[in-house]
Amino acid sequence: MSTKSFPLDSQKLRALADRFPTPFYLYDEAAIRKNARAVLKAFSVFPSFKEHFAVKALPNPFVLKILADEGFGADCASLPELMLADAAGMKGEAVMLTSNETPAREYVAAKAQGAVINLDDITHIDFLETAAGIPGLISCRYNPGPLKEGNAIIGKPEEAKYGFTREQLIEGFVRLKAKGVTRFGIHAMVASNELNADYHIETAKILFELAVELKRKTGIRAEFVNIGGGAGIPYRPEQDDLDYGYMAKGMRAAYDSIVVPAGLDPLGLRMEWARVMTGPYGWLVTKAIHTKSIYREYIGVDASMADLMRPGMYGAYHHLTVSGKEGALATETYDVVGSLCENNDKFAVQRRLPKIAVGDLLVIHDAGAHGRAMGFNYNGKLRCGELLLRTDGSAVSIRRAETVDDYFATLDFAALENFPSSIPND
Ligand SMILES: *Cc1c(COP(=O)(O)O)cnc(C)c1O
């Protein structure tokens with residue numbers, strides 16, 4: 001069981017919605033910090049540990065700055081993400097570039113920032129050398145293929161586009177060493193939203209064994225392994241949180257039986273968890289603006305799939321509560337829907353909820369990772385803003401809502417005025 005809470009009572013939320021029109025995202029700084037510390041504490045059983053928050057999950061520099069404060073680095077996959085991490089104070093090797101199909105200019109930027117480049121393919125060794133030169137520290141992403149069972153969101157490793165095969169990885173490190181690399185990291189990310197702690201422990205074990213094999217076959221000693229992201233959160237109240245202590249201890253036991261006897265201690269452990277770092281501590285707040293009764297009962301809200309697309313994209317469950325009616329009986333069955341001209345724009349389908357009236361504020365839970373960031377502008381929908389609840393209880397805007405000017409910023413209407421018709425004369 002996991003509890004689905006929200007940091008503001010209905011009066012406080014109503015007051016906030018008077019200041020900042022709905023819809024908006026709200027993130028809880030105190031809860032993010034508390035959880036970040038719990039992760040660091042659990043993994044302090046390793047001689048060297050670093051968590052690189054994957055920027056894609058919540059690309060807001062204010063939140064990144066909080067995580068930087070707590071000692072976290074970033075995992076980036078694009079030039080703008082590298083810039084966000086830098087702006088938030090995440091510098092040098094605190095940043096990893098774990099990208100794929102990487103354009104040359106992103107390698108150049110990552111190298112200039114001193115970020116750790118994590119290569120996705122053996123052909124990228126020469127590509128990187130031409131684009132930016134080979135840095136002294138480099139990491140390579142391993143795809144274990146049939147060695148590792150699949151995971152629901154990310155799929156089977158052998159069908160995934162990422163990473164080197166085992167043979168390529170060994171060969172790649174030898175080639176990198178010949179090109180002057182002196183420090184090496186091994187990376188893998190094989191899961192997404194995985195709630196099975198043993199699955200993550202097994203990933204670490206596979207990487208520890210690979211580090212030993214690399215040493216045995218080539219003499220190359222890895223400085224760290226990076227188990228990537230993919231730790232799950234209990235979107236449904238009946239699911240349980242991952243136990244950080246259990247995972248850290250399980251990984252440490254694997255380390256003691258694999259890494260230590262091979263003489264590779266100390267070997268650093270890095271990871272790129274994002275969903276567990278901010279997911280449960282962010283909510284999408286939206287207002288009921290219509291009720292509709294046809295073959296089903298509908299509640300129309302002012303947010304849409306453009307603000308949060310996980311339910312529409314993956315059929316994902318997001319818990320939903322009605323502010324001020326948390327204790328009320330769930331007497332109704334609703335589809336809670338947004339305004340997009342797509343029938344999958346539904347935040348909840350046939351959900352048992354208390355009776356909802358127009359004007360009620362609805363709280364969509366576990367939206368703090370892969371939430372607003374996945375938003376889009378289809379149908380001319382403007383994405384909502386983001387608020388941060390500070391540790392002193394005040395709320396501040398950390399990103400304003402989009403305006404029509406933002407939406408039209410890439411269009412030149414003056415050119416349209418002088419745009420000649422080109423209907424052919426015949
Ligand atoms: C998306 C991603 C992450 C973060 O994943 P979570 O499931 O949110 O922990 C980490 N690393 C890489 C390479 C990613 O693509």
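A salt bridge here is a side-chain nitrogen of Lys or Arg within 4 Å of a carboxyl oxygen of Asp or Glu. Glu386 and Arg399 fit that nicely, with their side chains meeting at 2.7 Å, N to O. Keep in mind that this is a predicted model. A search of the whole structure turns up 22 salt bridges, and there's also a nonpolar patch on the surface to look at.

**The Glu386–Arg399 pair**
- Glu386 sits in strand 16 (residues 385–389) and Arg399 in strand 17 (residues 395–399), so the salt bridge ties together parts that are 13 residues apart in sequence.
- The two ends differ in cover: Glu386 counts as buried because its relative accessibility is 2%, under the 20% cut-off, while Arg399, at 28%, counts as partly exposed.

**The Glu70–Arg33 pair and its network**
- Glu70 pairs up with Arg33, and their closest N and O atoms are 2.8 Å apart.
- Glu70 belongs to the loop between helix 3 (61–69) and strand 3 (73–76), and Arg33 to helix 2 (residues 29–42), so this salt bridge ties together parts that are 37 residues apart in sequence.
- Glu70 is buried at 10% relative accessibility, and Arg33 is buried too, at 15%.
- Both residues are part of a network in which salt bridges with shared partners join Glu29, Arg33, Arg37, Asp69, Glu70 and Arg390.

**The Arg183–Glu223 pair**
- Arg183 makes a salt bridge with Glu223, with the closest N and O atoms 2.8 Å apart.
- This one links distant parts of the chain, 40 residues apart: Arg183 is in strand 7 (residues 183–187), and Glu223 is in the loop between helix 8 (197–218) and strand 8 (224–226).
- Arg183 is partly exposed, with a relative accessible area of 28%, and Glu223 is partly exposed at 31%.

**The nonpolar surface patch**
- Eight names to pick out on the surface: Leu382, Val404, Tyr407, Phe408, Leu411, Phe413, Leu416 and Phe419 form the patch, and together they have about 780 Å² of accessible area.
- Helix 12 (404–408) and helix 13 (413–417) are the elements that give two or more residues to the patch.
- Helix 12 gives the most, with 3 residues.
- Phe413 lies in helix 13 and counts as partly exposed, at 42% relative accessibility.

**Ala87**
- Ala87 is in helix 4 (residues 79–87) and counts as exposed, with 59% relative accessibility.
- The C-alpha atoms of Ala87 and Leu64 are separated by 8.9 Å, and the two residues are 23 residues apart along the chain.

Key:
Residues are numbered from 1 along each chain as its sequence is written. This is a predicted model: local features need pLDDT of at least 70, side-chain atom pairs count only at pLDDT 80 or more; totals for chains, interfaces and linings use all residues. Side-chain values use heavy atoms; hydrogens and water are left out. Patches are made of residues with over 30% relative accessible area and no salt bridge: like charges are joined within 9 Å, nonpolar side chains (Val, Leu, Ile, Met, Phe, Trp, Tyr) within 5 Å. Accessible areas come from the Shrake-Rupley method with a 1.4 Å probe; for residues, only the protein chains shown count as cover. Helices (H or I, at least four residues) and strands (E, at least two) are DSSP runs, numbered from the N terminus. Buried means under 20% relative accessible area, exposed over 50%, partly exposed in between (1.4 Å probe, protein chains only).
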